[in-house]
Amino acid sequence: MKKHIFKYPFICLLSVASIIGCSSDDDAPVDPDDDNGVEQPEPVSALNLEEYDNGSRVMMQAFYWDVEPRFEWWNTISDKMETWADAGVNRIWIPPATKGQSGGYSMGYDLSDYFDFGNFNQHGTTPTRFGTRDELENMISVAHDNDIEVIADIILNHNSGGGLEYNPYREKDTYSLFDETHGNASGMFNRNYEDFYPNSVSNYDPGSLFYAETNLDHHRERVQNWLWEDENSVAKYYKNVIGFDGWRFDYVLGFEPFVIKEWLDAVGGFSVSELWDGDPDLIRSHIEATGSGAFDFAAFYRMEQAFDRFEDLTYLTRDQVWQTHPDKAVTFTANHDTEKDGNIDNYIESENKLKAYAFIMTHPGYPTVFYLDYENPEFQDQINKLISIHNSLATGSVNVIYADEDEYIMQRGGDSENPGLILYINLSPNGKRRTITTSWDSSILMDYSENSNYRPQVNENGEVTIEAPSNSYAIWSITE
């Protein structure tokens, strides 16, 4: 078990159908050939999941930190677009697509020029780390040809890479001059010290955690005009000229919610905010104030606590954003930041990744797949199965049937046209079986994740004994 640095307090809001208990490691292991005293039925046919399309899809985070090879990334992911679409991906989130101070080594988060997409020679390079503007626009075209939306990563507070100028509000020189010869070769949205805190309009911004001397003041009319109001604004240019379909707002704790609300009022589109905090109420408040979706960091930390930190699956029943805002909660198991974080409480261990994916792919919310997880040959086949299950059977009300330290059993109720599913996660070193009451009757079940070959029969009262392999999961539903 990990040694851990911090934790968050949370209130349990999810009702559980069974008393939350504690299973014993002394439970007898399950023999996979043991039929539990029930005659096994004749071979059955799986449902054709393509006939149960629930309209849901998943998003791909189409990058990782310091992607390689440099200057080839737009071409690299263009070649994967058809495969991702076939798997059930309908959006990709790409890194900031414009020039950063680090030039050809920049991941885009040290943003310098909002309009240099790899077509101006500055900071030592013409292409960005990811390629040229032509390659970006081609990648977006390939995505659209495969019915995939492209989500732009937007940095709205901190800038980097400007020239020195005397700043009378700070009474010293600051790197706050952005013009054609100082980090803004496009000549669009030139900036100086008046556009950053403090200035003649505003004295101080409490969100200036990064690049405090070049943190944009969104109360200034010209900043608003350049970011979202004018026809040539960042928002409208990105949407109408470059072809982006939506927005991932970086570090939203660094500026006020009205910025996102007005941006979305101006251009619309799918959006998700990065509010890195495990407090679900804080995330809900942001959703309500902005109208934007948000990454469900509360769910991320509940999974990390359940699978890693405390090895206790009752944490999966605690308060998460998807429980109250399923249409706005973007769930995930990893991202470019968590995977390089030195704090062990801020990432989910590799051996628990698939259990985490099984959780987000069967529960409400909009799941995100991390590029490196999908490209992992040990994960890809199972992630594809989970995406297929998510896009078909993961629908209807959520009923947590049983939860203790080792076991978590949840049913999605489906609807009149869709049978739904049951997720059974098991942390024990032994396989587990448990008799439960379901919403089904007189059906033969199978595990659509294909982690179990067991074929239990539901009786006329809805009772059935299901299983989950050791330190794994199974996803049960009816057969033909």
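# Close-up views of a predicted model

**View 1. The parallel barrel.** In this predicted model, 8 strands with parallel pairing close into a barrel, in the order β1-β2-β5-β8-β9-β10-β11-β12. From one strand to the next the twist averages 30°. Within the barrel, β8 and β9 are paired in the parallel sense over 4 bridges. One such pair is Arg248 with its bridge partner Val272 in β9. Helix α6 packs on the sheet and touches β5, β8 and β9. The direction of α6 makes about 170° with that of β8.

**View 2. Helix α6 and its cover.** Helix α6 spans residues 257–267, and its buried residues are Val259, Ile260, Trp263, Leu264 and Val267. These residues lie on the same side of α6, because they cover an arc of only 125° around the axis. An α-helix has 3.6 residues a turn, so residues three or four places apart point the same way. The cover over the buried residues of α6 includes the strands β5 (149–154), β8 (246–249) and β9 (270–273). It also includes the helices α4 (221–229), α5 (234–242) and α7 (280–290). After α6 comes Gly268, with a positive phi near 65°.

**View 3. The largest nonpolar core.** The largest nonpolar core holds 134 residues. Trp84, Ile92, Phe244 and Trp263 have the most contacts inside this core. Helix α8 (residues 297–309) gives the most to the core, with 8 residues. Trp263 is also one of the buried residues of α6. Around Phe244, with neighbours within four places in sequence left aside, the contacts are Ile94, Ala97, Phe117, Leu136, Ile140, Val150, Ile151, Ala152, Tyr238 and Lys239.

**View 4. The open antiparallel sheet.** An open sheet of 5 strands has antiparallel pairing and the order β13-β14-β15-β19-β17. Its edge strands, β13 (398–403) and β17 (445–447), each pair on one side only. On average, neighbouring strands of this sheet are turned by 20° against each other, direction ignored. At one edge, β13 pairs with β14 (residues 407–412) in the antiparallel sense over 5 bridges. Asn399 has Gln411 of β14 as its bridge partner.

**View 5. Strand β19 and its two partners.** Strand β19 covers residues 472–478, and 7 of its 7 residues are buried. Strand β15 (residues 421–426) runs antiparallel to β19 and is joined to it by 5 bridges. Among these residues, Tyr424 has Ala474 of β19 as its bridge partner. The edge strand β17 also runs antiparallel to β19, with 3 bridges between them. Here Met446 has Ser477 of β19 as its bridge partner.

**View 6. The hairpin of β6 and β7.** Strands β6 (residues 163–167) and β7 (residues 172–177) run antiparallel and are joined by 4 bridges. Gly163 has Leu177 of β7 as its bridge partner. There are 4 residues between the strands of this hairpin, and Glu171 takes a positive phi near 55°.

**View 7. Two cis peptide bonds.** The bond between Glu68 and Pro69 is a cis peptide bond, with omega about -5°. Pro69 belongs to the loop between β1 (58–61) and α1 (73–78). A cis peptide bond also joins Tyr197 and Pro198, with omega about -15°. Pro198 sits in the loop between β7 and α4.

**View 8. Positive phi in the loops around β17.** Ser442 is a residue other than glycine, yet its phi is positive, near 50°. Its place is the loop between β16 (432–437) and β17. Ser442 is partly exposed, with a relative accessible area of 49%. Glu450, in the loop between β17 and β18 (463–468), is not a glycine either and has a positive phi of about 65°. Glu450 is exposed, with a relative accessible area of 55%.

**View 9. Confidence in the model.** The mean pLDDT of the protein is 93, and 90% of its residues reach 70 or more. Over residues 1–15 the pLDDT is below 50, and this stretch has 45 contacts in the model beyond near neighbours in sequence. The pLDDT is also below 50 over residues 22–26, a stretch with 10 contacts in the model beyond near neighbours in sequence. Where pLDDT is low, the predicted coordinates should not be read in detail.

Definitions and conventions:
Residues are numbered from 1 along each chain as its sequence is written. This is a predicted model: local features need pLDDT of at least 70, side-chain atom pairs count only at pLDDT 80 or more; totals for chains, interfaces and linings use all residues. Side-chain values use heavy atoms; hydrogens and water are left out. Two strands pair if DSSP finds at least two bridges between them. Helices (H or I, at least four residues) and strands (E, at least two) are DSSP runs, numbered from the N terminus. Axes are lines fitted to C-alpha atoms, for helices over the stretch in contact, and angles run from 0 to 180 degrees between N-to-C directions. pLDDT is the predictor's confidence in each residue, from 0 to 100. Contact means heavy atoms within 4.5 Å. A nonpolar core is a set of buried Ala, Val, Leu, Ile, Met, Phe, Trp, Tyr and Cys residues joined through side-chain atoms within 4.5 Å. Buried means under 20% relative accessible area, exposed over 50%, partly exposed in between (1.4 Å probe, protein chains only). The arc is that of the directions from the helix axis to the C-beta atoms.
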